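Q: Please take a close look at one part of this model for me, and follow its links outward into the rest of the chain. I would like a connected account that I can check against the coordinates as I read.

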Amino acid sequence: MSFVAIAAPLLVAALIWWFSTGAILWLDRRPRETFGWSFAAATIVAVGALIALYASAGDQTVTSAYIAFCAAIAIWGWHEMSFLMGFITGPRRQELPSGVTGWRRFSLATATIIHHEVALAITAAALVALTWGQPNQIGTITFLVLWGLRLSAKFNLFLGAPYRAEEMLPPHLAHLKSYFRHRRMNALFPLSIASGLALAWTLGALAFAPGATAFTHTGFSLVLAMTALGVIEHVFLFVPPPNALLWGWAGSKTERNAPLG
């Protein structure tokens, strides 16, 4: 297997992660009156991605692996936009009351994002159903991995981290900052990193196994790269993240839209 064949899916996944994250941040920092059009366009793309995912599920080719992966990213991006633009979040949109701790804090925090979590769960179940018994599971696996990594990151933010990327939140989600805890470390973080590395190792073993087909290598390399990037994002909760370097082109904090009236 050539170097290009080995490196191509890893590079493609990294570029998609970098560009899609920046594009969503850029759209979220536009005036609020643009949100409807942006989200409508994203919905059309997401529907097309669902069709593409279903259509590619029966094929085990390099092309079908890329299609399934990109479709999963497009569907995930729709969910990211639905949350960051405030369309699907949760019934609670107030800050955490002072002095609230323990289970009460957890229940109030959950109420701020529960609709989004339910939407993700429904989508995950739909993708499993659409691709059930089909040979190409790359899209479904990608979505499930992203969902698991995001859940882990949310729990780490809830338990406490020193770098919480609060500047990435738009004004209409500013209340979420009150649910984050500032701590140098939490007990979940080492487990999150260990689990992420174990998953990356497993995906790497599948991608680079002796006799692996071009489809297997490409598909699992794409998911491997996204998993590795997710682990790195976890690390950036505890070391200074280079957000300005990575996504400075998406706009500055002062360019963000006005908060909800």
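A: Happy to. One definition helps at the start: the expected span of a helix is 1.5 Å times one less than its number of residues. Keep in mind, too, that this is a predicted model. The part I have picked is helix α5, which has 22 residues and reaches 32 Å from its first C-alpha to its last, close to the 32 Å expected at 1.5 Å a residue. Just after α5 comes G160, whose phi is positive, at about 130 degrees.

Let us begin with the charged side chains. Side chains of opposite charge can pair when their charged atoms come close. The whole structure holds 3 salt bridges by this search. In one of them, R150 pairs with E80, and the closest N and O atoms are 2.7 Å apart. This pair joins distant parts of the chain, since R150 belongs to helix α5 and E80 to helix α3, 70 residues apart. How accessible are the two partners, R150 and E80? R150 is partly exposed, at 25% relative accessibility. E80 has a relative accessible area of 16%, and because buried means under 20%, E80 falls in the buried class.

A second salt bridge pairs K154 with E117, with 2.1 Å between the closest N and O atoms. Here K154 sits in helix α5 and E117 in helix α4, so the bridge ties together parts that are 37 residues apart in sequence. E117 is buried as well, at 14% relative accessibility.

For completeness, there is also a salt bridge between the side chains of R164 and E166, at 2.9 Å from N to O. R164 counts as buried, at 17% relative accessibility, while E166 counts as partly exposed, at 22%.

Now to the nonpolar side of the story. In soluble globular proteins, nonpolar side chains tend to be buried together. The largest nonpolar core in this model has 35 residues, and the members that touch the most others are F69, F143 and M226. Helix α5 (138-159) is one of the elements that give two or more residues to this core, along with α1, α2 (35-56), α3 (62-84), α4 (102-130), α6 (188-207) and α7 (214-235). The largest share, 8 residues, is given by α7.

What does M226 touch, leaving aside its neighbours within four places in sequence? Its contacts are A13, W17, F69, I73, L146 and L149. Among these is F69, itself one of the residues with the most core neighbours. A separate core has 16 residues, including I24, F35, A46 and I88.

Helix α7 makes a handy companion to α5. It has 22 residues and reaches 31 Å from first C-alpha to last, close to the 32 Å expected at 1.5 Å a residue. Of those 22 residues of α7, 16 are buried, so this helix is largely enclosed by the rest of the structure.

A few residues elsewhere round out the picture. L50 lies in helix α2 and is partly exposed, with a relative accessible area of 32%. Beyond its neighbours up to four places away in sequence, L50 touches I75, L127 and L130. Its C-alpha is 17 Å from that of V145, and the two residues are 95 apart along the chain.

V100 is found in the loop between α3 and α4 and is buried, at 19% relative accessibility. Not counting residues up to four places away in sequence, V100 touches R105 and L108. The C-alpha atoms of V100 and Y179 are 10.0 Å apart, with their places 79 residues apart along the chain.

Further on, N243 is in helix α8 (residues 243-247) and is buried, with a relative accessible area of 13%. Leaving aside neighbours within four places in sequence, N243 contacts A165, E167, M168 and G248.

Finally, there is the outside to consider. L11, L15, W18, F19, W26 and W249 make up a nonpolar surface patch of about 640 Å². One of them, L11, is part of helix α1 (residues 3-28) and is exposed, with a relative accessible area of 54%.

To come back to α5: it is tied by salt bridges to α3 through R150 and E80 and to α4 through K154 and E117, and it also gives residues to the largest nonpolar core.

Technical notes: Residues are numbered from 1 along each chain as its sequence is written. This is a predicted model: local features need pLDDT of at least 70, side-chain atom pairs count only at pLDDT 80 or more; totals for chains, interfaces and linings use all residues. Side-chain values use heavy atoms; hydrogens and water are left out. Patches are made of residues with over 30% relative accessible area and no salt bridge: like charges are joined within 9 Å, nonpolar side chains (Val, Leu, Ile, Met, Phe, Trp, Tyr) within 5 Å. Accessible areas come from the Shrake-Rupley method with a 1.4 Å probe; for residues, only the protein chains shown count as cover. A salt bridge is a side-chain nitrogen of Lys or Arg within 4 Å of a carboxyl oxygen of Asp or Glu. Helices (H or I, at least four residues) and strands (E, at least two) are DSSP runs, numbered from the N terminus. Buried means under 20% relative accessible area, exposed over 50%, partly exposed in between (1.4 Å probe, protein chains only). A nonpolar core is a set of buried Ala, Val, Leu, Ile, Met, Phe, Trp, Tyr and Cys residues joined through side-chain atoms within 4.5 Å. Contact means heavy atoms within 4.5 Å.
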